[in-house]
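Please explain this protein structure to a student who is meeting such models for the first time. The account should proceed step by step, from enclosed spaces to open ones.

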Amino acid sequence: MKKIGVLTSGGDSPGMNAAIRAVVRKAIFHDLEVFGVKNGYQGLMEGNIEKMNLGSVGDIIQRGGTILFSARSEEFKTDEGQQRAIEQMKKLGIDGLIVIGGDGSFRGAQKLTEKGFPCIGVPGTIDNDIPGTDFTIGFDTSLNTIIEAVDKVRDTATSHERTYIIEVMGRDAGDLALWAGLAGGAESILIPEKKEDFSEIVDRLNRGHERGKKHSIIVLAEGVGSGFDFGERIEKATKLETRVTVLGYIQRGGTPTASDRVLASRLGAKAVELLINEQGGRMVGIQNNKLVDFAFDEVFAKNHSFNLDMYNLSKELSI
Ligand code: ADP
């Protein structure tokens, strides 16, 4: 392994830049040449590839987004697209690729590996929905953004007697909602993994109101349904004034937290180590604060599991 490439793909997440920096610096430290691919797999097929040096990743560790940009590409899902991508890398003599992204991006990386081109996946997504790693790059930053918003809503909430519903990201995985709900002291948390009894939510709100609670906060993951629809149902059922806030894309941006920068640096460097050891078709992750790696097939075979203990605790603490 003499030359490696790095790209970011799928939804961006804060901390991806720190991961790119780690890949580039670690590779150069080990006398490898590194190439940055712009616009994910789309740029890979088009040959939008540039050599990187120590300076190309200077002053980015603290920046959100990704300096390599990200994209989604339908064409890359085809055999021809993947072949084109490999040709582009062969032209430059690149012999291994690091893909920073979510599970969709890893499926692409797996395809390239099956075609004889070794790839390593680095989990970067705010959703924390990738099996095999306790945390993904960007989750902590996004969580802190949500908490800031929840705290602000709470400030205005204390001035009015209202129910506030905050819709957060998470189509299939409720980790953002679960962690934000627990950290923000929410009365109820709605996540796609666990069906919540509507009457129980209403009872809890009514009980709180009866004992003089000024306001209630409910955190809902987008995968459960629209926050606005849910808000209407709640208002009808409780007769309490209800307000809905959909946080949207602010959850994707911002300066990465220290935790995300450290995680990204460790995972990025670990990915380079695997390529140096001639390994491909694997994802790096973190479990109990130890770096781990798995074959993509193992990752795809599992479902991300949510923390049931935390979910139950949130209920106990919001009686
Ligand atoms: P994420 O990586 O955040 O889950 P996507 O699911 O959108 O994001 O995947 C990003 C890109 O990865 C897609 O646009 C596509 O180019 C590539 N990709 C996704 N699934 C596959 C697949 N089954 N085979 C090949 N490439 C894929």
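How do the residues of the lining of the largest cavity divide into nonpolar, polar and charged? There are two nonpolar, five polar and four charged residues in that lining. The model to which this answer applies is a predicted one.

The enclosed spaces come first. Rolling a probe the size of a water molecule over the atoms reveals where empty space remains. In this structure there are three cavities of 30 Å³ or more. The largest cavity has a volume of about 80 Å³. Its lining consists of E161, R162, T163, L205, G208, H209, K213, K214, H215, S216 and L240. Three elements, namely β6, α7 (198-210) and β8 (215-221), each supply at least two of the lining residues. Of the elements, α7 gives the most, with three residues.

The second largest cavity has a volume of about 50 Å³. It is lined by A186, E187, S188, I189, E196, R204, Y311, S314, K315 and S318. Two or more residues of this lining come from each of β7 (188-190) and α11 (308-317). The largest share, three residues, belongs to α11. By character, the lining of the second largest cavity comprises three nonpolar, three polar and four charged residues.

From the cavities the account turns to the largest pocket, which holds about 1,100 Å³ of space. It is lined by 45 residues, and those closest to its centre are R72, G102, D103, G104 and D129. The elements that contribute two or more residues to this lining are α4 (103-114), β6 (162-168) and α10 (296-301). The largest share comes from α4, which provides six residues. Both domains take part: domain 1 (3-138 + 256-301) and domain 2 (139-252) each provide at least three residues of the lining. Sorted by character, the lining of the largest pocket contains 12 nonpolar, 17 polar and 16 charged residues.

Which residues are the closest to the ligand? They are R72, S73, G102, G104 and S105, among 16 residues that surround the ligand. R72, G102 and G104 also belong to the residues closest to the centre of the largest pocket. Individual atom pairs add detail to this picture. An N or O atom in the side chain of R72 is 2.4 Å from an oxygen atom of the ligand. In the case of S73, a polar backbone atom is 2.6 Å from an oxygen atom of the ligand. For K111, a polar side-chain atom lies 3.3 Å from a nitrogen atom of the ligand.

The final topic is the backbone. Most residues other than glycine have a negative phi. E278 is not a glycine, yet its phi is positive, at about 65 degrees. This residue sits in the loop between α9 (258-276) and β10 (282-287). Is E278 buried or exposed? E278 counts as exposed because its relative accessibility is 56%, and the cut-off for that class is over 50%.

N288 likewise is not a glycine and has a positive phi, of about 50 degrees. Its place is in the loop between β10 and β11 (290-295). With a relative accessible area of 67%, N288 is exposed.

Notes. Residues numbered from 1 in each chain as written. Predicted model: local features only at pLDDT ≥ 70, side-chain atom pairs only at ≥ 80, totals over all residues. Heavy atoms only, no water. 1 Å grid on protein atoms, 1.4 Å probe; cavity = no way out; pocket = protein on both sides within 12 Å on 5 of 7 lines; lining within 4 Å. Points joined across faces, edges and corners; volume = space filled by probe spheres on them. Helix = DSSP H or I, 4+ residues; strand = E, 2+ residues; numbered from the N terminus. Nonpolar A, V, L, I, M, F, W, Y, C, P; charged D, E, K, R; others polar. Domains from an automatic or database assignment. Buried < 20%, exposed > 50% of the residue type's maximum accessible area, 1.4 Å probe, protein only. Near = heavy atom within 4 Å. Polar contact = N/O pair within 3.5 Å; in protein donor to acceptor, adjacent residues only side chain to side chain.
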